[in-house]
Amino acid sequence: MVSVGRTPETFLGNPYRAGSGSLENVPHDTVHVWTGDKTQPNFENMGAFYSAARDPIFYARHSNIDRLWNVWRTLGGRRQDFTDPDFLNALFLFYDENSRRVRIRVRDCLDSRGLDYQDVTNPWVNSRPRPRVSRRLVAGDVIKFPSAKEVFPTNLDHVLKVMVKRPNKKKRNKKEKDEKEEILVVEGLEVDTDVFIKFDVLINDEDETLISQDNGEFGGSFMNVPHHNHHHGKKQNMKLAITELLEDLDAEDDDNVLVTFVPRNGSGAVKIGGVKIVL
């Protein structure tokens, strides 16, 4: 949430368009899956998108997601809300206690000063992952692994390792990094929305069996909580900020980045259109 979500786009996702940020995938979707139980006969609980709100924990959970968002906005830098009209004017319909429809826009819900969040510690704010290994890619690595354009589009039904060219080949100073984030974009995701899907994205490491969220090589995760509507949703993008990650891996001067996609659940239920790095 801190390292790969340094901007509104990478933390929240796109302004009410198809796409998800780090908050949506982890920790939001993660807890839906942890507290859901797919072994139940009708599977109507936190683990299914359409029925999640029937579980009383849903409301406490989403209140905490809002609290985490509130904490994130205090961390400085470009950690602030979108100003895009698509975000601010997105309209949702709800029913009040008298079963009357109520229209609420996102802009109506951004001021949290009237909310009383419990004062708890947030150790994750300063818990920076450490690299398992720190090594720069060499020419042999670039030849060893295919480029992203050679592999995608394809279904993710096994571990995929691809080389992705960086748009910037020199180490940037702090001012340049603050002005422009380096972002890994996994684009054109086609998801079977009826399936619980999770895949991890690793950077500059060849052994996916040894990497965990505690390691700097762990770039992030994509998750899909089952919707039970039996169709493929709109194509969407996943965006991960990798500026700090490349610093930790001593890879800021590398021309290419080795990106590993590791399917953890729902193998073959997601198709990746491509992957690129942008500023």
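**Exercise 1. The four-stranded sheet**

What is the order of the four strands in the open sheet, and is the pairing parallel or antiparallel?

*Solution.* Keep in mind that we're working with a predicted model.

Step 1: Walk across the sheet. The order is E5-E10-E7-E8, and the pairing is antiparallel.

Step 2: Find the edges. Strand E5 (160–165) and strand E8 (218–224) are the edge strands, each pairing on one side only.

Step 3: Check the twist. On average, neighbouring strands here are turned by 25 degrees against each other, direction ignored.

**Exercise 2. Life at the edge: strand E8**

Work out how E8 is paired with E7, then decide: is E8 largely enclosed or not?

*Solution.*

Step 1: Count the bridges. Strand E7 (residues 197–203) runs antiparallel to E8, and six bridges link the two.

Step 2: Pin down the register. Leu202 has Phe218 of E8 as its bridge partner, and Val201 has Gly220.

Step 3: Look at burial, where the cut-off is under 20% relative accessible area. Seven of the seven residues of E8 are buried, so the strand is largely enclosed by the rest of the structure. E8 is still an edge strand, pairing on one side only.

**Exercise 3. The E2–E3 hairpin and Ser99**

Describe the pairing of E2 with E3, then find the residue with a positive phi between them.

*Solution.*

Step 1: Identify the strands. Strand E2 (residues 91–95) and strand E3 (residues 101–105) pair in the antiparallel sense, with five bridges. One of the bridges puts Tyr95 opposite Arg101 in E3.

Step 2: Go to the connection. Five residues sit between the strands of this hairpin, and Ser99 takes a positive phi there, near 65 degrees. That's a positive value in a residue other than glycine.

Step 3: Ask about the surroundings. Ser99 has a relative accessible area of 57%, so it counts as exposed.

**Exercise 4. Two more backbone oddities**

Where does Asp250 lie, and which residues does the cis peptide bond join?

*Solution.*

Step 1: Start with Asp250. This residue is in the loop between helix H8 (243–248) and strand E10 (256–265). Its phi is near 55 degrees, again positive in a residue other than glycine. With 44% relative accessibility, Asp250 is partly exposed.

Step 2: Now the cis bond. It joins Phe152 and Pro153, with omega about 5 degrees. Pro153 belongs to the loop between helix H6 (148–151) and strand E4 (154–155).

**Exercise 5. The nonpolar cores**

Which members of the largest nonpolar core touch the most other members?

*Solution.*

Step 1: Pick out the hubs. This core has 30 residues, and Leu184, Phe199, Val259, Phe261 and Val275 touch the most other members.

Step 2: See who contributes. Elements giving two or more residues include E5, E7 and E10, plus strand E6 (183–191), strand E9 (236–241) and strand E12 (274–278). Helix H8 is also one of them.

Step 3: Zoom in on Phe199. Leaving out residues up to four places away in sequence, its contacts include Leu189, Phe222, Met238, Phe261 and Val270.

Step 4: Don't miss the other core. It lies apart from the largest one and has 13 residues, among them Phe11, Leu23, Ile65 and Phe82.

**Exercise 6. Asp81**

Is Asp81 buried or exposed, and which side chains make polar contacts with it?

*Solution.*

Step 1: Locate Asp81. It is in the loop between helix H3 (57–72) and helix H4 (85–88).

Step 2: Classify it. Its relative accessibility is 16%, so Asp81 counts as buried.

Step 3: List the polar partners. The Asp81 side chain makes a polar contact of 3.0 Å with that of Trp69, and another of 2.5 Å with that of Arg73.

Step 4: Fill in the neighbours. Beyond four places in sequence, Asp81 touches Pro8, Trp69, Arg73, Phe87 and Leu110.

**Exercise 7. An annotated stretch**

What does the chain look like over residues 55–66?

*Solution.*

Step 1: Check the record. An unreviewed UniProt entry annotates residues 55–66 as "domain: Tyrosinase copper-binding".

Step 2: Compare with the model. The stretch is 83% helix and 0% strand, with its end C-alpha atoms 18 Å apart.

**Exercise 8. Lys234**

How many residues along the chain separate Lys234 from Asp192, and what is the C-alpha separation?

*Solution.*

Step 1: Place Lys234. It sits in the loop between E8 and E9, and at 69% relative accessibility it counts as exposed.

Step 2: Take the distance. Lys234 and Asp192 are 42 residues apart along the chain, while their C-alpha atoms are separated by 10.0 Å.

Notes: Residues numbered from 1 in each chain as written. Predicted model: local features only at pLDDT ≥ 70, side-chain atom pairs only at ≥ 80, totals over all residues. Heavy atoms only, no water. Pairing = 2+ DSSP bridges. Axes fitted to C-alpha atoms, helices over the stretch in contact; angles between N-to-C directions. UniProt positions renumbered as here; feature names shortened; annotations may be inferred. Buried < 20%, exposed > 50% of the residue type's maximum accessible area, 1.4 Å probe, protein only. Core = buried A, V, L, I, M, F, W, Y, C linked by side-chain atoms within 4.5 Å. Contact = heavy atoms within 4.5 Å. Polar contact = N/O pair within 3.5 Å; in protein donor to acceptor, adjacent residues only side chain to side chain.
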